[in-house]
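User: I am new to this structure. Please take a close look at the loops and at any unusual backbone angles in them.

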Amino acid sequence: RSARPRRLRSAMPRGHRRGQRAQKETFATALGMPDQGGGDRTQRTVIFSKTKMCKFHILGICAKGFGCKFAHHKEELNPLPDLSRTKLCKTLISTGSCEEPDCKY
């Protein structure tokens with residue numbers, strides 16, 4: 001039995017393990033999103049900014065101030081984004097077509 005060096009999971013950056021980066025690029029392309037060179041989360045999560053009240057502000061201990069992603073007052077609350085038709089329909093995937101006129105996917 002030969003002694004092979006053990007491969008550490010942490011030796012490779014997250015997202016580069018076993019083709020994960022290529023898989024992410026494929027998903028981004030399928031969704032019509034431009035390649036963001038590693039996935040800039042701030043651009044994708046800005047639509048969720050200030051859609052909930054800040055629990056820490058309610059307790060009086062929010063240290064983020066104006067940089068907080070959560071609303072500190074009711075007037076700051078943004079509506080939740082409409083996420084319908086942002087995932088593939090399971091029926092469409094399994095059968096190749098979806099005839100449901102009210103399909104949410």
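Analyst: The secondary structure of this predicted model comes to 4 helices and 0 strands. Read from the N terminus, the order is α-α-α-α.

Some context for the whole chain comes before the loops. The protein has 105 residues, and 10% of them count as buried. Its exposed surface is about 10,000 Å². Carbon and sulfur atoms supply 55% of that surface. Take the contacts between residues at least 6 apart in sequence: 24% of these join residues at least 24 apart.

Now the loops. Start with the one between α2 (41-45) and α3 (55-58), where Lys-50 is found. Lys-50 is not a glycine, yet its phi is positive, at about 60°. Is Lys-50 buried or exposed? Its relative accessible area is 17%. The cut-off for buried is under 20%, so Lys-50 is buried.

Move along to the loop between α3 and α4 (90-95), which holds Arg-85. The phi of Arg-85 is also a positive value, near 60°. Arg-85, too, is a residue other than glycine. How does Arg-85 count in terms of accessibility? Its relative accessibility is 56%. Exposed means over 50%, so Arg-85 counts as exposed.

Put the two side by side. Lys-50 has a phi of about 60°, and the phi of Arg-85 is near 60°. Lys-50 is buried in its loop, whereas Arg-85 is exposed.

Methods
Residues numbered from 1 in each chain as written. Predicted model: local features only at pLDDT ≥ 70, side-chain atom pairs only at ≥ 80, totals over all residues. Heavy atoms only, no water. Helix = DSSP H or I, 4+ residues; strand = E, 2+ residues; numbered from the N terminus. Buried < 20%, exposed > 50% of the residue type's maximum accessible area, 1.4 Å probe, protein only. Contact = heavy atoms within 4.5 Å. Areas by Shrake-Rupley, 256 points an atom, 1.4 Å probe, with all protein chains shown as cover.
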